[in-house]
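Colleague: I have a model open and would like to learn how to read it. Can we start with one residue and work outwards?

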Amino acid sequence: MTGLSILILDDEESLAEELKEYLTNLGHSCVARFHPEDALALIESEHFDILLLDLKLPEMDGLEVLRRVKRVQSDMEVIVMSGHGDIESVTHAFRLGAFDFLQKSFRPADIRIAIERTSTYQVLQRKYRELEARHQRMSKELEEQVGSAFIGEGEATRRVLDLVDRSAQSQSSTVLVSGESGTGKELVARMIHFRSSRKEAPLITVNCAAVQSELFESEFFGHVKGAFTGAVADRTGFVRRAHGGTLFLDEVGELPMTLQAKLLRVLEYGVFSPVGSDREETADVRIVAATNKDLRGAVATGAFRTDLYYRLQTIELVIPPLRQRPEDIEPLVSHFLHEFAERMGRTVPTISNLELDRLTKYSFPGNVRELKNLIERGMMLHPDDFRLPLPEPSAWYSPAAPSASTSEISARSGDPFDSYQGPLPTLVLSDLESRALHEALRRTGGVHSRAARLLGITRQALARRMEKHGISPSEYP
C-alpha cells in the first residue's frame with residue numbers, strides 16, 4: 001500500500017495527534033484538525049484520500065460534516081469514529097457515504113486494517129474507472145460506425161436522417177423515437193448521440209422492459225451502502241453514469257408510474273436522489289426515448305403520464321415500417337450480404353431480380369430485423385448456391401397482404417414458420433418446412449439443438465415439426 005493523504009478531524013487533540021504520528025510512521029501523509037470549519041476549509045483547497053471523522057463534535061454534528069465533505073470531494077472515503085456506541089448515527093453515516101466505522105476503543109492494528117481496507121477499495125474503484133474509460137475509447141470507433149449505418153435511399157429514409165441531424169445539433173432537447181419493432185430505433189439513438197457534442201461522454205442504453213420493477217429506482221438512480229438488505233456498497237445508477245452524455249430509454253412505455261414521476265424530475269430540474277440517501281445529486285443528461293407503443297393512447301387510458309409524454313416528445317422522430325419504404329430493400333439486402341459474407345469468410349453472393357421483387361412485395365412485420373435474419377438464414381442454409389428460403393410468390397408476396405399490428409407481432413412466439421402473412425397454400429408450406437428441416441438436420445449432423453438454432457426456432461418447435469413431417473431422429477445419427 002503506497003502512502004495516502006489522510007485528514008484527521010477529532011476535537012480530542014491528544015487522540016488526533018497520536019493517530020497522526022502513528023499513521024505518519026506507516027508512511028502516510030497526515031494532517032490533524034480539531035474544529036470542523038478548519039477541516040472543511042482545508043478540504044476546499046487540498047485533496048485527501050481518506051478522512052478519519054469523529055461523529056461527536058461540539059461545534060458541528062459529524063453527520064453534517066460528512067454531508068459537506070461528500071459535496072466537495074465525493075471520491076474521498078470517510079472512516080467514522082465514535083466512542084458513544086451510537087448505532088443510529090453510524091447507520092446514518094453509512095447512508096451518507098461513509099465507508100467504514102471504528103469504535104473509539106480501537107487498537108493501532110484496527111486503524112491500520114481499516115486504512116488498508118479503504119485503500120484497497122479506492123484502488124479497485126480507480127481501476128474500474130480506468131477500464132470503463134478504456135472500454136469507451138475502444139468501442140468508440142465501432143459505435144460510431146454502427147451509428148452511421150441507417151441504410152436506405154428513399155424519401156422517407158432521407159427525412160429520418162435529416163431529423164436525426166437536427167436532433168443531434170440540439171444538444172439537450174429530449175427526443176422520442178417511435179416505430180414498429182425492428183425498424184432501427186436504437187440505431188437512430190446512437191446516431192443522434194455520436195453526431196452530437198456529447199459523443200465523448202457515455203451513451204447508456206437501458207431496456208426499460210428488462211429491468212425488474214422492484215429494482216427500477218435503484219438501477220436508475222443508484223443507492224447508498226446500507227440502503228436495503230444486500231446493499232453492501234454504494235452503487236451508481238444509469239442517470240449518473242450517463243452524466244455529460246446520453247441516456248437511451250428503450251421501450252420507455254414500460255416504465256412504472258412511480259418512476260415516471262421521478263424521471264420527469266430529472267428532465268425538469270436535472271436532480272435525483274439515490275435510494276437510501278437524503279441528498280440530491282445533479283446530472284447533465286440528454287434523454288432519447290424509444291417506443292413501439294402508442295403512447296398517446298397510453299396517456300388517454302392513464303397508463304402513461306401526460307406531462308412526461310409531452311416532455312419526452314420535444315423532438316418526435318417516427319421511423320416508417322419497411323413495407324412503407326420498399327425502395328430501401330435493395331440497398332439493405334446488399335449491405336447485409338456484404339456484412340455476412342465478410343463475417344463468414346465467403347464471396348458476396350448475388351440475388352436475382354425475381355427474389356428482389358418478391359421482397360419488395362412482402363409486408364415484413366419484423367421490419368429490417370426480419371430482413372437481416374432472412375439474409376443470414378439463407379447464407380447459412382445455402383452456402384454454395386445462395387437463395388432466400390422463401391415459398392412461392394403466391395404464399396407471402398401479395399401487395400394487398402394485411403400488415404400485422406404491433407401487438408400481434410409482439411405476441412408471436414418467434415418461430416419463423418408462424419410469422420407468415422397472407423394465405424399459405426398447404427402443399428407449398430409443407431414442402432418448405434420439410435426441406436428446411438432436412439437441410440438443417442443434415443448440416444448439423446442430426447444435433448437437434450444446433451438444428452433448431454440454425455432455423456431460428458426452439459427445440460420443442462423442431463421436435464413438433466419433425467413429428468409432423470415423419471422425420472425420425474434415427475435418419476440423422
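Modeller: Yes. Start with Val333, which sits in helix 13. Keep in mind that this is a predicted model.

Colleague: Is Val333 buried or exposed?

Modeller: Compare its relative accessibility with the cut-off. Buried means under 20%. Val333 has 1% relative accessibility, so it counts as buried.

Colleague: Which residues is Val333 in contact with, beyond its neighbours within four places in sequence?

Modeller: Val333 is in contact with Ile351, Leu356, Leu359, Leu371 and Ile375. Look at Thr350 as well. Val333 and Thr350 are 17 residues apart in sequence, and their C-alpha atoms are 9.9 Å apart in space.

Colleague: Now the helices. At what angle do helix 13 and helix 14 pack?

Modeller: Take the two axes and read the angle and the distance. Helix 13 (residues 329-344) packs with helix 14 (residues 353-360) at about 120 degrees, and their axes are 10 Å apart. That angle makes helix 13 oblique to helix 14. Their crossing is right-handed.

Colleague: Which residues of helix 13 and helix 14 meet?

Modeller: From helix 13, Ile329, Glu330 and Val333. From helix 14, Leu356, Leu359 and Thr360. By class, this contact has 4 nonpolar, 1 polar and 1 charged residues.

Colleague: Give me another helix pair. How do helix 6 and helix 7 cross?

Modeller: The axes of helix 6 and helix 7 (residues 185-194) come within 8 Å, crossing at roughly 40 degrees. Oblique is again the word, because roughly parallel needs an angle under 35 degrees. So helix 6 is oblique to helix 7. Helix 6 passes helix 7 in a right-handed crossing.

Colleague: What meets what between helix 6 and helix 7?

Modeller: Helix 6 brings Val160, Leu161, Val164, Ser167 and Ala168. Helix 7 brings Val188, Met191 and Ile192. Sorted by class, the contact of helix 6 with helix 7 has 7 nonpolar, 1 polar and no charged residues.

Colleague: Does helix 6 lead us to a sheet? Which strands does helix 6 lie across?

Modeller: Helix 6 (residues 155-169) lies across strand 6 (175-178), strand 11 (286-291) and strand 12. It runs at about 155 degrees to strand 12.

Colleague: In what order do the strands of that sheet come?

Modeller: Read a sheet from edge to edge. Here 5 strands form an open sheet in the order 7-8-11-6-12, with parallel pairing. Strand 7 (203-207) and strand 12 (315-318) are the edge strands, each pairing on one side only. The twist averages 15 degrees from one strand to the next.

Colleague: How many bridges join strand 7 to strand 8?

Modeller: There are 5 bridges between strand 7 and strand 8 (residues 246-250), and the two run parallel. To find the register, pick a facing pair. Asn207 stands opposite Asp250 in strand 8.

Colleague: What is the strand order in the sheet that holds strand 1?

Modeller: The order is 2-1-3-4-5, in an open sheet of 5 strands with parallel pairing. Its edge strands are strand 2 (29-33) and strand 5, and each pairs on one side only. From one strand to the next, the twist averages 20 degrees.

Colleague: And what packs on that sheet?

Modeller: Helix 1 (residues 13-25) packs on it, touching strand 1, strand 2, strand 3 and strand 4. The direction of helix 1 makes about 175 degrees with that of strand 2. Within the sheet, 4 bridges join strand 1 (residues 5-9) to strand 3 (residues 50-54) in parallel. Ile8 stands opposite Leu52 in strand 3.

Colleague: Which way do the side chains point along strand 5?

Modeller: Follow them one by one. In strand 5 (residues 100-103) they alternate. Asp100 and Leu102 point to one face and are buried; Phe101 and Gln103 point to the other and are not. Strand 5 pairs with strand 4 (residues 77-82) over 4 bridges, in the parallel sense. Val80 stands opposite Phe101.

Colleague: Try a loop residue. Where does His382 lie?

Modeller: His382 lies in the loop between helix 15 (367-381) and helix 16 (393-396). Its relative accessibility is 13%, so His382 counts as buried. Setting aside residues up to four places away in sequence, His382 touches Arg346 and Arg387.

Colleague: Finally, the overall picture. How many helices and strands does the protein have?

Modeller: The protein has 20 helices and 12 strands. Of its 477 residues, 48% are buried. Among contacts with a separation of 6 or more, 71% join residues 24 or more positions apart.

Conventions. Residues numbered from 1 in each chain as written. Predicted model: local features only at pLDDT ≥ 70, side-chain atom pairs only at ≥ 80, totals over all residues. Heavy atoms only, no water. Pairing = 2+ DSSP bridges. Axes fitted to C-alpha atoms, helices over the stretch in contact; angles between N-to-C directions. Contact = heavy atoms within 4.5 Å. Parallel < 35°, antiparallel > 145°, perpendicular 65-115°, else oblique. Left-handed = near helix turned anticlockwise from the far one by under 90°. Nonpolar A, V, L, I, M, F, W, Y, C, P; charged D, E, K, R; others polar. Buried < 20%, exposed > 50% of the residue type's maximum accessible area, 1.4 Å probe, protein only.
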